[in-house]
Amino acid sequence: MDRLDNTIRPYAWGSTTAIPRLLGTEPTGEPQAEMWMGAHPGAPSRTGRGTLVEVIDADPEKELGADAVAKFGPRLPFLLKLLAAGAPLSLQVHPDLTQAREGYEDEERRGVPVTAPHRNYRDANHKPELVCAVTEFDGLCGFRDPLRAAELLDGLGVDSLKPYVDLLHAHPEEAALREVLTAVLTADPDEMARTVTETAAACDRLGGDYAPYADIAHHYPGDPGVIAAMLLNHVRLQPGEALFLGAGVPHAYLDGLGVEIMSNSDNVLRCGLTPKHVDVPELLRIVRFESRDAGVLRPEAGPDGEEVYETPIDEFRLSRYVLPEGGATRDLTLATPQILLCTAGAVRAGEHELTPGTSVFVPAGEKAEVSGTGTLFRSTVVV
């Protein structure tokens, strides 16, 4: 197996302390938002044999296994991350596989450069994702019931929100949510900025259920995404709890440290809380306008102490081992590729000593014995 040297992305919303605290290093004062583990061409992990992209390209069947190559092609189909949010990320949705292929082909046909800031589809893949809390982790996930959203907005006492409240009461669920989100994102920018300013002041004054939105407005003053965010469920995950984000589900991460896994894609359509491009017509085509529970996942007990986060996705499978002091050595060998990530304690994986924030790549079929005391996340695929 290969010890991984991973890139940390310095996105502006990143925490300056969470990843350094996990790694036991001194903060630099700069945001450290995401640590990428995998073979994404934008920031592939490095090994003693070259980048993980180079290692896999040299012999895909040896590294990934014949079944994984047959199902997903000669590439690692998932990207594992440590995600450390110190400020809210953009409010966003991801396309399903058909939408991603159609969108990518359309932009290719129209000659939109892949690096263009207004490009929606960087590749032809979908981007389901799962985030598991390492610390308390705040996020937004899926639409509230329209009547609950109307109650929340109405409770602010902001006159310019009244039309949205009326829309949420007046239509069937799908139409209500669609009309309100459309109205918010297409409103006159100056008028919307005034509405957001009044909303932020009311959220600050009222606190309680409104406190998360006051914080969002502090980071994104005047942004229509502040109002859009109030249409969504707010959830606070405890360590070990997770969220699965499927296609079309609007979401945003607000604060905390988590382990995130996703299919290997960059396709994001933004709804707000960002200075980046927001393509409202395409966004409205992708969003699924249905209310739902936030859907907090807790792991299912598997054999030999494995705790599995069940999802309907084959490109990735995430599980966790909490290894007790004095526990027996476990054999984690699989016929599929794995990345093992330690988030607590000290774990020995093969010849490698893993401390919090360190990881290894295990080629398909390679012996993978682990021992020690701590928490180990295991990422692989389903074939």
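# Briefing: salt bridges, nonpolar cores and an annotated site

With a relative accessibility of 39%, E108 counts as partly exposed, because a residue is called buried under 20% and exposed over 50%, and partly exposed in between. This model is predicted, and E108 offers a way into it, as E108 forms a salt bridge with R119. The points below begin with that residue pair and go on to the nonpolar cores, helix α7, and the residues R270 and H126.

**Salt bridges**

- A search through the whole structure finds 23 salt bridges.
- In the salt bridge between E108 and R119, the closest N and O atoms are 3.1 Å apart, and the pair links distant parts of the chain, since E108 belongs to helix α5 whereas R119 lies in the loop between α5 and β8, 11 residues apart.
- R119 is buried, because its relative accessible area is 4% and the limit for being buried is under 20%.
- The side chain of R119 also meets that of E107 in a salt bridge, with a distance of 3.1 Å from N to O; here, too, distant parts of the chain are linked, with E107 in helix α5 (residues 97-109) and R119 in the loop that runs between α5 and β8 (129-133), 12 residues apart.
- Both partners of that salt bridge, E107 and R119, are buried, whereas E108 is partly exposed.
- E353 and R348 form a salt bridge through their side chains, at 2.5 Å from N to O, and each of these two residues counts as partly exposed, E353 at 45% relative accessibility and R348 at 34%.
- Through salt bridges that share partners, D2, R49, K62 and E63 are joined into one network.

**Nonpolar cores**

- In soluble globular proteins, nonpolar side chains tend to be buried together.
- The largest nonpolar core of this model consists of 50 residues, and L140, L168 and I216 are those with the most contacts inside it; helix α8 (residues 173-186) supplies the largest share of this core, namely 6 residues.
- A second core, separate from the largest one, has 35 residues, including L22, I56, I313 and F361.
- Leaving aside residues up to four places away in sequence, L140 touches a set of residues that includes L91, Y213, I216, A229, L232 and L254.

**Helix α7**

- Y164, V165 and L168 are buried in helix α7 (residues 162-170), and they lie on the same side of α7 because they cover an arc of only 105 degrees around the axis.
- The exposed residues H169 and A170 are carried by the face of α7 that is turned away from its buried side.
- The buried residues of α7 pack against four helices, α6 (146-154), α8, α9 (189-206) and α11 (225-229).

**R270 and H126**

- According to an unreviewed UniProt entry, the annotation "active site" covers R270, a residue that lies in strand β13 (residues 269-272).
- Not counting residues up to four places away in sequence, R270 touches S90, L91, Q92, K276, H277, V278 and L283; L91 is also among the residues touched by L140.
- H126 is found in the loop between α5 and β8, which is also where R119 lies, and H126 is buried, with a relative accessible area of 13%.
- The side chains of H126 and E315 are joined by a polar contact of 2.7 Å.
- With residues up to four places away in sequence left out, H126 touches P95, D96, L97, A100, S263, S265, I313 and E315, and of these I313 is included in the second nonpolar core.

Note on methods: Residues are numbered from 1 along each chain as its sequence is written. This is a predicted model: local features need pLDDT of at least 70, side-chain atom pairs count only at pLDDT 80 or more; totals for chains, interfaces and linings use all residues. Side-chain values use heavy atoms; hydrogens and water are left out. A salt bridge is a side-chain nitrogen of Lys or Arg within 4 Å of a carboxyl oxygen of Asp or Glu. Helices (H or I, at least four residues) and strands (E, at least two) are DSSP runs, numbered from the N terminus. Buried means under 20% relative accessible area, exposed over 50%, partly exposed in between (1.4 Å probe, protein chains only). A nonpolar core is a set of buried Ala, Val, Leu, Ile, Met, Phe, Trp, Tyr and Cys residues joined through side-chain atoms within 4.5 Å. Contact means heavy atoms within 4.5 Å. UniProt positions are given in the numbering used here, feature names are shortened, and annotations may be inferred rather than shown by experiment. A polar contact is a pair of N or O atoms within 3.5 Å; within protein, one must be able to donate a hydrogen and the other to accept it, and residues adjacent in sequence count only if both atoms are side-chain atoms. The arc is that of the directions from the helix axis to the C-beta atoms.
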